[in-house]
Amino acid sequence: MIADLARRAAPSGRGRLLDLACGTGQLAFPLCDWFTDVWAVEAEPGMTEVVRAKADAVGAAHIRAVTARAEDLAAEPGGFELIVIGNAFHRLNRALVAQRAYTWLKPGGCLALCWSTSPWVGPRDWQQALDRVLRSWQNTLGASGRIPPGWDRARQHDPDHEVLSRAGFDVAGRHEFSVEYHWTIPELAGHIRSTSFLPPSVLADHAFGFDADLIAELGRHTANGRLTETVDFAYELARGSAPA
């Protein structure tokens, strides 16, 4: 998906990337080699701390971690060749972010809404067990409200592509990819910590208990220490104003 996005967006190699609601940088890092400057923007301070540590570890000094809400980001008009939002557009004020993103792009620049399926959503026994564990811990920690109720109804009534079109974008299509993935339980624990609903700041002193619960509930479903699923990836590409 990343290679296909880079091919279609065709960055110059000298421009700037904006990863909005970046989490731990799942898009910023694999895309960073196509850009000389990368802004990884996230409202959760704990996430931007992770991005800074990862950038230091891999020597990616051009990745800049910015703690800010996407709706409040101060960015100059025409400053970015590509803007990406991964698994997060539904959590933002879509109309406002789309309008602002349109102004932030260079002429001919692109916006990509990137998506992937979640391991706790699916038909496998371990996925259903994981979903139960997550719901239980969200309730225990009072974190259920971190996912807005009815968030998907707004997207069904007003699809993302229509929000982007109203902001001025030319919606260029959706591109889908699938891959079989084999999780370990520690990888799942880390992945869950990169989400908005159970980040380290929410787990806090309960992190050890949460990990122990994951092991107890998922361990019985592993084969050779792995949990297998088919992960679906997709991105919706939209282009900004045409070059003069």
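This briefing covers aromatic ring pairs and the charged side chains that sit over ring faces. The model is a predicted one, and six aromatic pairs are counted in the structure. Two of the pairs, Trp120 with Phe197 and Tyr181 with Trp183, are described below, followed by two arginines placed over rings.

**Trp120 and Phe197**

- The ring centres of Trp120 and Phe197 are separated by 5.3 Å and the ring planes meet at 85 degrees, so this pair is edge-to-face, a class that requires an angle over 60 degrees.
- Trp120 belongs to the loop that runs between β5 (105-116) and α5 (125-140), while Phe197 belongs to the loop between α8 (185-193) and α9 (200-203), so the contact ties together parts lying 77 residues apart in sequence.
- Trp120 has a relative accessible area of 14% and is therefore buried, the limit being under 20%.
- Phe197 likewise counts as buried, with a relative accessibility of 7%.

**Tyr181 and Trp183**

- Tyr181 and Trp183 also form an edge-to-face pair, because their ring centres lie 4.9 Å apart with the planes at 70 degrees.
- Tyr181 is partly exposed, at 33% relative accessibility, whereas Trp183 is buried, with a relative accessible area of 10%.

**Arginines over ring faces**

- Arg16 is positioned over the face of Phe80, at a distance of 5.5 Å from the ring centre.
- Arg155 is positioned over the face of Trp115, at a distance of 4.6 Å from the ring centre.

Conventions: Residues are numbered from 1 along each chain as its sequence is written. This is a predicted model: local features need pLDDT of at least 70, side-chain atom pairs count only at pLDDT 80 or more; totals for chains, interfaces and linings use all residues. Side-chain values use heavy atoms; hydrogens and water are left out. Rings of Phe, Tyr and Trp (its six-membered ring) pair if their centres lie within 6.5 Å; planes under 30 degrees apart count as stacked, over 60 as edge-to-face and the rest as tilted. Helices (H or I, at least four residues) and strands (E, at least two) are DSSP runs, numbered from the N terminus. Buried means under 20% relative accessible area, exposed over 50%, partly exposed in between (1.4 Å probe, protein chains only). A charge sits over a ring if NZ of Lys or CZ of Arg is within 6 Å of the ring centre and within 35 degrees of the ring normal.
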